[in-house]
Amino acid sequence: MSTGKKKAIKNNDEIEDPVVSGKDVAELFTGNLTPNSTNTVQPIALMRLGLFVPTLKGTKNSKRNKSNQIDASQELVQLDVARSEGYSNIKITGPRLDMDHDFKTWVGVVRSLAEHGDSNGHVQLSITKFAKFCGYPSSQLRKALRDRLTNSLLKIMRTTLSFQRTYDEKNVDGSDKISLLMVHLINSVDYNEQKDTITFQAEPKLSELYRFDHKVLLQLKVINKLPRKETAQALYTFIESLPAKPAPISLARLRARLNLSSNNVGSQNQTIRNGLKALKELGYLDYSEVKRGRSVYIQIHHRNPKLKALPDEKEPQESPPQQPGNDMGDAKNNILKKIAELSNDLTPENIKMIEILSNGLKLL
């Protein structure tokens, strides 16, 4: 990390996002990812924003039904719709979307667009199939689940993106002249249980957002193994969207991402620590806390999205007796075995390691 970056992190006790350099962007998978039953493909920008957050408890002070506003200027200013008109002030406004139901419904929306959407973002499929795309088996498709799906779709529809530009000239009353574009995250939804169909329309102006250049592949296995642990689920969607070697993330940034309801910062920090601990116990995350001045940062050392057993976690096995003169053959077998293991998960790091091992194999 450069001195300039170190200084910026040290002096910034507020909310900062890990800087994504040109090299980091190159490390992100930007190909034609396709969601399926085991993973979902999501725009990195949405996963870094506090759009899907833990459910709030039903207390009298709860913000559950209050409108939620997110400043998305930094993350979405590169969209064509923003750049073409010079919009620089971008906000997402709408009801609080939770991880328990609303995120699952959004996962279904994204997969439906990928598999059944036409060029205009129009989708029609059976309610049963849509529920399956959301992660619900057909055996659960009773009234309670149908109501849950329609309620989540309504909340997602009520989520709007506003793009604003301020001009140099003023109005007659001295106020700034602006142009403002407001669009829904998804448009009309036609839900018909008699025909067992659901039809919805994605917002054409946001087509680039649905098919974002930089996407993140989220393993549904991780989310499914964290039932009723929505803080850990939300942290996972954020952490997995970060570049390969992210800068330390402050607790302030994580508090903003989760949009927690408590006014007690210490309580919010404890909630975050509990979520990180759950991810570590699951085998997904290895991290440590770093204190700089009065701020606490989370340093991510390793992510294991497929929850594979790490080499040092496997039970040690007794090595067979070595035969004289057989060292060369054993070395080749070990390299071939390692290449086979790395081939099961073709990350950029593993591909590079395979090339190194293959060159070593040629030398042998």
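**Entry 1: L180 and its surroundings**

I began with L180, which I found in strand β8, a strand made of residues 176–184. I kept in mind from the start that this is a predicted model. Is L180 buried, exposed or partly exposed? Its relative accessibility comes to 41%, and because the partly exposed class lies between the buried limit of under 20% and the exposed limit of over 50%, I noted L180 as partly exposed. I then looked for what L180 joins on the surface, and found that I178, L180 and M182 form a nonpolar patch there, with about 300 Å² of accessible area together.

**Entry 2: the three-stranded sheet**

Next I looked up an open sheet of three strands, whose order is β6-β10-β9 and whose pairing is antiparallel. I wrote down that β6 (122–126) and β9 (186–192) are the edge strands, and since each has a single partner strand, one side of each is left without a neighbour in the sheet. From one strand to the next, the twist averages 10°. As a reminder to myself, strands of a sheet pair through backbone hydrogen bonds, and the pairing can be parallel or antiparallel.

I followed one pairing in detail: β6 and β10 (residues 197–202) run antiparallel and are joined by five bridges. Which residue of β10 is the bridge partner of Q124? I found that the partner is T199.

**Entry 3: helices across the sheet**

I then turned to the helices that lie over these strands. Helix α6, residues 102–116, lies across β6, β9 and β10, and I noted that it runs at about 105° to β6. Helix α8, residues 143–157, lies across β9 and β10, and its direction makes an angle of about 160° with β9.

**Entry 4: R303**

My next residue was R303, which belongs to strand β14, residues 295–303. Its relative accessible area is 17%, so I recorded R303 as buried, the limit being under 20%. When I set aside the neighbours within four places in sequence, the residues in contact with R303 were I239, E240, L242, P243, A244, K245, P246, Y284 and L285. I also checked L279, which is 24 residues from R303 in sequence and 9.6 Å from it in space, C-alpha to C-alpha.

**Entry 5: helix α11**

One contact of R303, I239, is among the buried residues of α11, so I looked up that helix last. How many residues of α11 (residues 230–239) are buried? Ten of the ten are, and therefore I described the helix as largely enclosed by the rest of the structure. The buried residues include E230, Q233 and Y236.

Terms used: Residues are numbered from 1 along each chain as its sequence is written. This is a predicted model: local features need pLDDT of at least 70, side-chain atom pairs count only at pLDDT 80 or more; totals for chains, interfaces and linings use all residues. Side-chain values use heavy atoms; hydrogens and water are left out. Two strands pair if DSSP finds at least two bridges between them. Helices (H or I, at least four residues) and strands (E, at least two) are DSSP runs, numbered from the N terminus. Axes are lines fitted to C-alpha atoms, for helices over the stretch in contact, and angles run from 0 to 180 degrees between N-to-C directions. Contact means heavy atoms within 4.5 Å. Patches are made of residues with over 30% relative accessible area and no salt bridge: like charges are joined within 9 Å, nonpolar side chains (Val, Leu, Ile, Met, Phe, Trp, Tyr) within 5 Å. Accessible areas come from the Shrake-Rupley method with a 1.4 Å probe; for residues, only the protein chains shown count as cover. A salt bridge is a side-chain nitrogen of Lys or Arg within 4 Å of a carboxyl oxygen of Asp or Glu. Buried means under 20% relative accessible area, exposed over 50%, partly exposed in between (1.4 Å probe, protein chains only).
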